[in-house]
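Student: Please give me a close look at one part of this model: the place where the chains meet. I would like one connected account, with the cut-offs stated.

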2 protein chains.
Amino acid sequence: MKKIISLHPLRGIIIYFNPPQILAITFLFLILIGTLLLKVPTATYEPISWLDAWFTATSAITVTGLVVVDTGSTYTLFGEIVIMFLMQIGGLGLMTFSVLILMMMRKKIGLRQRLLTQESLNLNQTSLGGLLRLVKLLFIFSITIEAIAFLCLSFKWVPEFGWSDGLNQSLFHSISAFNNAGFSLWSDSLSQYVGDPLVNIVITGLFITGGLGFTVLVDIWDKKGFQKLSLHSKLMLSGTLVINIIALFVLFFLEYGNPETIGNLSFVDKLWGSYFQAVTPRTAGFNSLDITEMTVPSILLMMLLMFIGAGSGSTGSGIKVTTFVVMLLATASFLRGKSETTAFKRTIKLHIIIRALSIMMISISLIFLAIFILTITERAPFLSIAFEVISAFGTVGISMGLTGDLTTIGKIVIMIMMFIGRIGPLTMAFVFAKRRQSSVRYPEEDVFTG
Amino acid sequence: MKKIISLHPLRGIIIYFNPPQILAITFLFLILIGTLLLKVPTATYEPISWLDAWFTATSAITVTGLVVVDTGSTYTLFGEIVIMFLMQIGGLGLMTFSVLILMMMRKKIGLRQRLLTQESLNLNQTSLGGLLRLVKLLFIFSITIEAIAFLCLSFKWVPEFGWSDGLNQSLFHSISAFNNAGFSLWSDSLSQYVGDPLVNIVITGLFITGGLGFTVLVDIWDKKGFQKLSLHSKLMLSGTLVINIIALFVLFFLEYGNPETIGNLSFVDKLWGSYFQAVTPRTAGFNSLDITEMTVPSILLMMLLMFIGAGSGSTGSGIKVTTFVVMLLATASFLRGKSETTAFKRTIKLHIIIRALSIMMISISLIFLAIFILTITERAPFLSIAFEVISAFGTVGISMGLTGDLTTIGKIVIMIMMFIGRIGPLTMAFVFAKRRQSSVRYPEEDVFTG
Ligand SMILES: [K+]
Ligand SMILES: [K+]
């Protein structure tokens, strides 16, 4: 045992803590580093408070994009580079990191520990070769996508802002978009480009791709055909498509006559605006419309979209599209009197359904608790509070304007929500949960519900 | 076949429709009768609109208590008696009715139909003898409880209002409270009696008893000892106790310094006020404090309580205490890595957990949809709208003041929510769901969630 620890200094830590705990500790450590770097005098034009640096680091690492200070006017180029790195680590890094933990553990870990790791990190690759390939593909793929987007955006922004600023803008927004971070160097996010096809397509293309999750991307790369895809990829792709289309048309209809958003735009620009605002709440967090001016039903729809979020093992958060779809499918099966939940000619395991139920319950409870606390500490309309909390939980980053006015307790609650939202409500629960397999079996008995 | 129909004219209907459909049709029929009776000129001092009569009838039958016109000043004694009957039928009647359907079906119904009936009506008594005994106990018990309460309240209200009015008030509020209807003859509900021990104890005693559900009451009557009770009764009793105690202390803490509610009351009256307002949202609907003046976190807590509701097969609605408890237990078991959900040394069937999940999903979806529609049609703060919808769904009847100002579409949406809330979201879904057992079995495949 002693010998093993000397060979692999990290193994001791890995054996002592369980993977969810290691993940949480690493994230906390990264937030600390980020806070220190952003507090360095050369990072900002004017000194910012420790709390604001802490909040910005948390928001960047968790790829949320909620800001208490305006990014473009507060941070120097050095500060912006720090934020870029934090977003890249928080988005792309989370997945890689999970894979690396599994690799370091190799086969030395017991079955229970392995099951727990898979449970909490959503990894299905047990062979080392599969893992290494995944990490490699993941890096190559991400960097390629970001580079292509960087080039496309440069064609737009270099002529507009000159070489230095144009390239900086393009790089920053490429990284921010692919990692679903939602940070922008403009205080009104992408509102200037509401009808610009290039910006709309590149930015949404980036965050939708990043939000699908790497297992889906690798699956598409390998299989080249919808029918051959795994059940997970099929559910994720079809779910994303259906949700986006519904959201697009509902927002278009709700905002059509609203002069503060798309009411005064041309028909085509109305569509672009609706499209962008329909896809960004899951969980990119840019905005091309003024959210505070949107109608209340639109706000409500966006809250639902933020809650659902993106894909498992992606750069996005929320309860995840598949969790939502599995719950819907299970309900539909129950109503039809079917004993099994099926999709695309495959049966969804009961264990997966109970897992989805747990994610849902934990998420709703956390959101309720956070809103409850903020209604005590903040002087703001209920809807702004609810919107802010769900935006933090889904690491979305759009806001009805509350972020800058938050009290200290309010900021801390929002930071905790971003943190839990990013590492996942279930992973967070596993950090604290004592797992024990009871060998006692009790007889079944009926309970009346509903 | 022809002979059977001539013997039992109702049997044809019973065979053609499934029980959830019969239940829904009966309720619609009763609402129609109620509307006609309340529209009779002698029922009101001033003529009311058809819509308002319809709304009142729906509110009374579904034991909700939301009112568009003030009950005491609008309806004559005849009108009040009609409302009393509607409440009694809607509360006590729902359970009896379910039992009667089962009796008429006797053993002529197939196993699938029988299973569906039990599924949707939550009845576990399959023998005719058991059913008859249940109906008898149910009637005797209800009438006895209501009679005792009527006497107690008369001691308070006859000296205060004289014989005629005092007896009328006592009878009306006894029936309204036991059936969790929440109708009051005073426009400020029971606010005058915020610190009155007799009114507090009798009224809350009535609606808490009525809200436990008849199976629990019969179980307590038969067993006389907590350990001997069924799992359902144990979960129901312990769940109710824990929820009520938590709600009492949280409301006491939140409202302690609020001069518009309990801030200016004596310490003991503060406790009475908090107690009453803690137990009434599940799903009695009286109030002894001014709800519009309560703090936002209190409003939020009451919304949660209204959503949870009372017991299965009781005079209350909501998703039901057991549904909520089962979901919590299932989540806790999952986090601990246990493959089975247990409580009080009994295992809760997976089927029951999936059932609870379905109730939760349908309920949340319906509530979301109704709030969404009302944010389009109504000009009111978001919180008032959300509160009104959840109050209607839980057939609670407390309001932040929106009911009287609702548009026609708004009133219809709220009526639909009361209706679904009362017959149960799952029963409602079964009215439309086509049930088919697929014989095709598909292989299992993993889906990543959360
Ligand atoms: K984001
Ligand atoms: K009620």
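Tutor: A salt bridge is counted here when a side-chain nitrogen of Lys or Arg lies within 4 Å of a carboxyl oxygen of Asp or Glu. By that rule the structure holds 4 salt bridges over all chains, and 0 of them are found across the interface of chain A and chain B. The model is predicted, so to speak of local features a pLDDT of at least 70 is needed and side-chain atom pairs count only at pLDDT 80 or more, while totals for chains, interfaces and linings use all residues. Residues are numbered from 1 along each chain as its sequence is written, chains are lettered from A and ligands numbered from 1 in the order in which they are written, and side-chain values use heavy atoms, with hydrogens and water left out.

Now the interface itself. On the chain A side 77 residues are in contact with 78 residues of chain B, contact meaning heavy atoms within 4.5 Å. The area buried between chain A and chain B is about 7,600 Å², 68% of it on carbon and sulfur atoms; buried area is the accessible area (1.4 Å probe) that two parts lose on being put together, summed over both. The rule for polar contacts also finds 0 residue pairs across this interface with both at pLDDT 80 or more. A polar contact is a pair of N or O atoms within 3.5 Å; within protein, one must be able to donate a hydrogen and the other to accept it, and residues adjacent in sequence count only if both atoms are side-chain atoms.

Among the elements of chain A that give two or more residues to the side touching chain B are α12 (231-255), α15 (321-335), α16 (350-377) and α17 (382-393). Helices (H or I, at least four residues) and strands (E, at least two) are DSSP runs, numbered from the N terminus. α16(A) gives the most, with 19 residues. By type, the residues of this side of chain A divide into 42 nonpolar, 19 polar and 16 charged. Here Ala, Val, Leu, Ile, Met, Phe, Trp, Tyr, Cys and Pro count as nonpolar, Asp, Glu, Lys and Arg as charged, and the others, Gly among them, as polar.

Strands also cross between the chains. β2(A) pairs with β3 (residues 444-445) of chain B in the parallel sense over 2 bridges, and strands pair if DSSP finds at least two bridges between them. T347(A) has E444(B) as its bridge partner in β3(B). Likewise β3(A) runs parallel to β2 (residues 346-348) of chain B, joined by 2 bridges, and E445(A) stands opposite I348(B) in β2(B). The order β3(A)-β2(B)-β1(B) makes an open sheet of 3 strands with mixed pairing. Its edge strands are β3 of chain A and β1 (341-343) of chain B, each pairing on one side only.

As for symmetry, a turn of 180° and a shift of 0.0 Å along the axis lay chain A on chain B with an RMSD of 0.0 Å. That is the relation of a two-fold axis. L357(A) has the C-alpha nearest the axis in chain A, 3.4 Å from it. Copies are superposed by least squares on the C-alpha atoms of residues with pLDDT of at least 70 in both. The copies meet through the same surface, because 100% of the interface residues of chain A are also interface residues in chain B.
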